[in-house]
Amino acid sequence: MKIKLFSILVLCTAYLLPLGSYGFMAPPREVDICVYGGTSAGVIAAYTAKQLHKTVLLVSPEKHLGGLTSGGLGYTDIGNKYAITGLSRDFYRRIGAHYGKLEQWIFEPHVAEAIFQQYIKAAGVEVLYGYTISKAVKQNGYVTEITVDGPAAQVVKAKMFIDCSYEGDLMAKAGISYTIGREANAQYQETYNGVQLLDKHQFPDGVDPYKIPGKPESGLLWGISSETLAAQGSGDKKVQAYNFRICLSNRPENRIPITKPEDYDPSRYELLIRLLNATKPEALKPNLKIDLMPNGKTDINNYGAFSTDMIGTNYNYPEADPATRKEIVREHELYTKGLLYFIGHDERIPAHLRKEMLQWGYPKDEYTDNGHWSPQLYIREARRMIGAYVMTQANCEGREKVNDAVGMAAYTMDSHNCQRIVVNGMVKNEGDVQKGGFGPYPVSYRSIIPKPEDAKNVLVPVCLSASHIAYGSIRMEPVFMVLAQSAATAAVVSIDQRVPVQEADVQKVQTMLRTNPLADNSPAEILVDDNDAQHVTVKGDWKKMVHGCYGPTMLTDDSKGAVPKSARFSPAIERAGKYEVFTYVPRLPGLDGNAHVKVFDGSTVKEVEITAASIKVEGQTSGEWVSLGTYQLKAGTGAYVEIGNHKTEGIVAADAVLFVPR
């Protein structure tokens, strides 16, 4: 009996080998697809793969799921919502359902995290929380296994790996080529990459950088680098600034006062005093971008010359070990909490700004296990893969197009400042770029896969292959979720076809994304956009606008019905059934508040009036989908929605019509 017991103990301990400070190595795990990173992209990738009938393990270094989407960025950055499809759009639909709308893009952090947990539970995805990658093994170009450290070190073997981390840690451990920082403009024939000294989020001329004004020998104020300004457009390894997207509450019953943080040092904020003396603002907005959220909360972002961005303190973060990263995150937290306290309590701050700041406090019902403060620092950019194709400024501006699109991006090319220096005896920020004016554009499949010589079974939808300035446009949370679904779909196709990711049938991936957008075989909704000449019939001379619309353009008319005009949206109904019909109403100055729309279901025409009361853009970053009712539609019956300019007293917009199966 003793011999048998001893044998059992030997067998058990064979799987519990000592490993560093974590104590033991757990038995190896083997799955079809391993997703690394508990970000919004990680959740969607894991959910997609499981829905497509593969075994999946999601490894999350964080204790919470959703990354920045559940970590404070509730005022969604997107640009044009037309670019967001599939499960990413479904996420905002689920947010909308929570708030009683079709979809919503402005939301509280805890609501977002609960919805990410919905995906995990619905698909039965197993998650390892609090595990970070320490090793990757590669054989013949394939990553065969990774080791992740946590409560017990764990080896994970998989056929495919998807790196959804903000840092690209799995990519780096796998030996995949990457870069950090800014390329010189000449490298990809760009104009907005590299060093850029521009006017946005900039100090006005005359702000003194020295501790004793006018005396360089006194030293520089905190936060100013002694480096000199390099040539415009030259490359370097500097990383654009990180910050927290701050959720505060102004409701007394849900508000915790902002108190002095540890290691508080008011000298860190001396530049803010000098800036305020130079600009004399009437509100906090020039220095804090306070976007209002449901239930009396905020999503506060960096704004102006001195704000929540901790410029120049994150250069080591992308390649740092977990302990060093935690220190950097903690430094950002203390800086930010100190800034909020400083604005509310330092007597050098104008009284009206202190009063405005003191109406806010930490929310009692958010981040309840982290001191009511977000655990997620905004990692705007870390490593970027140098993959099979590099997205550049030319892609953003539509001068170069790809034919292997697995998603779209639509945001302005956006880089936050990378350094704060002295120029001509004055303090200046360098690196901020915000260049837009272009519509949605395709993102190449080749930009989310490595070069074949680097790895054959890894996909990287977050730290994807893009130049610094192109990444600034692509790097939005909704786009990450779109590309994550595409990556998971491609991983499934690669497994089924038994080929490297570089040889996966991209057309099959595209077809699966189009015909099964929610990865659950539910019927796809039908979108008819105004630029779809095959399904839109226009009568009259409508104007075309490219800003503020859903999709590339929208039609507008301001003639107040003087000349009859109409735009008829005719869907291709392939599956008969009940559909709720919506029209997109943009946020447009002078828009008519009482538009009339005709809906033909194949047998009867119904006139629907859109009143000002039905257009509620609260919770939206742009326009709103307005319901025209639910209809039983049959295939091939000529159903349509017609938007006209009769009975109007303002601007009429014909933008897009949506048919949602019910």
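1. Burial of Asp432. A residue is buried when its relative accessible area is under 20%, exposed when it is over 50%, and partly exposed in between, using a 1.4 Å probe and protein chains only. Asp432 is buried, with a relative accessible area of 4%. Asp432 sits in the loop between strand 18 and strand 19 (433–435). Strands here are DSSP runs of E with at least two residues, numbered from the N terminus. The C-alpha atoms of Asp432 and Gln419 are separated by 9.3 Å, and the two residues are 13 apart along the chain.

2. Basis of the model. This is a predicted model, in which local features need pLDDT of at least 70 and side-chain atom pairs count only at pLDDT 80 or more, while totals for chains, interfaces and linings use all residues. Residues are numbered from 1 along each chain as its sequence is written, and side-chain values use heavy atoms, with hydrogens and water left out.

3. Strand 18. Of the 5 residues of strand 18, 5 are buried, so this strand is largely enclosed by the rest of the structure. Both of its faces are covered. One side carries Met426, Lys428 and Glu430, the other Val427 and Asn429, and all are buried. Note that Lys428 and Glu430 are in that buried set. In a regular strand the side chains alternate between the two faces of the sheet.

4. The hairpin of strands 17 and 18. Two strands pair if DSSP finds at least two bridges between them. Strand 17 and strand 18 pair in the antiparallel sense over 5 bridges. Val422 stands opposite Val427 of strand 18. The hairpin has 2 residues between its strands. Asn424 lies in this loop, between strand 17 (419–423) and strand 18 (426–430).

5. Positive phi values. Most residues other than glycine have a negative phi. Which residue of the hairpin of strand 17 and strand 18 takes a positive phi? Asn424 does, with a phi of about 55 degrees, although it is not a glycine. Asn424 is exposed, at a relative accessible area of 74%. His372 also deserves a look: its phi is positive, about 65 degrees, and it is not a glycine. His372 belongs to the loop between strand 13 (362–363) and strand 14 (384–385). Its relative accessibility is 18%, so His372 counts as buried.

6. Cysteines. A disulfide is a pair of cysteine sulfur atoms within 2.5 Å. By this rule the count is 0 disulfides. Why does Cys418 have no bond to Cys463? The closest cysteine sulfur to that of Cys418 is in Cys463, and at 16 Å it is too far for a bond. Cys418 counts as buried, because its relative accessibility is 0%. Cys247 counts as buried too, at 3%.

7. The sheet 24-25-32. In this open sheet 3 strands run in the order 24-25-32, with antiparallel pairing. Strand 24 (543–545) and strand 32 stand at the edges, each with a single partner strand, so one side of each is left without a neighbour in the sheet. Neighbouring strands are turned by 35 degrees against each other on average, direction ignored. That angle uses axes fitted as lines to C-alpha atoms (for helices, over the stretch in contact), with angles from 0 to 180 degrees between N-to-C directions. Strand 25 (residues 554–557) and strand 32 pair over 3 bridges, in the antiparallel sense. Asp557 has Val652 of strand 32 as its bridge partner.

8. The largest cavity. A cavity is a set of points, on a 1 Å grid over the protein atoms alone, where a 1.4 Å probe fits but cannot get out; lining residues have an atom within 4 Å of a point. Grid points are joined across faces, edges and corners, and a volume is the space filled by probe spheres set on the points. The structure holds 6 cavities of 30 Å³ or more. The largest has about 120 Å³ of space. Its lining has 15 residues, with Val585, Leu591, Ala595, Ile610 and Ala653 nearest its centre. Strand 27 (577–585), strand 28 (595–600) and strand 32 (652–654) each supply at least two lining residues. Strand 27 gives the largest share, 3 residues. By class, the lining has 12 nonpolar, 2 polar and 1 charged. Here Ala, Val, Leu, Ile, Met, Phe, Trp, Tyr, Cys and Pro count as nonpolar, Asp, Glu, Lys and Arg as charged, and the others, Gly among them, as polar.

9. The second largest cavity. This one contains about 100 Å³ of space. It is lined by 14 residues, and Leu68, Tyr378, Arg475, Glu477 and Phe480 are the closest to its centre. The lining has 9 nonpolar, no polar and 5 charged residues.

How values were computed. On a 1 Å grid over the protein atoms alone, a cavity is a set of points where a 1.4 Å probe fits but cannot get out, and a pocket is an open set with protein on both sides within 12 Å along at least five of seven lines; lining residues have an atom within 4 Å of a point. Helices (H or I, at least four residues) and strands (E, at least two) are DSSP runs, numbered from the N terminus.
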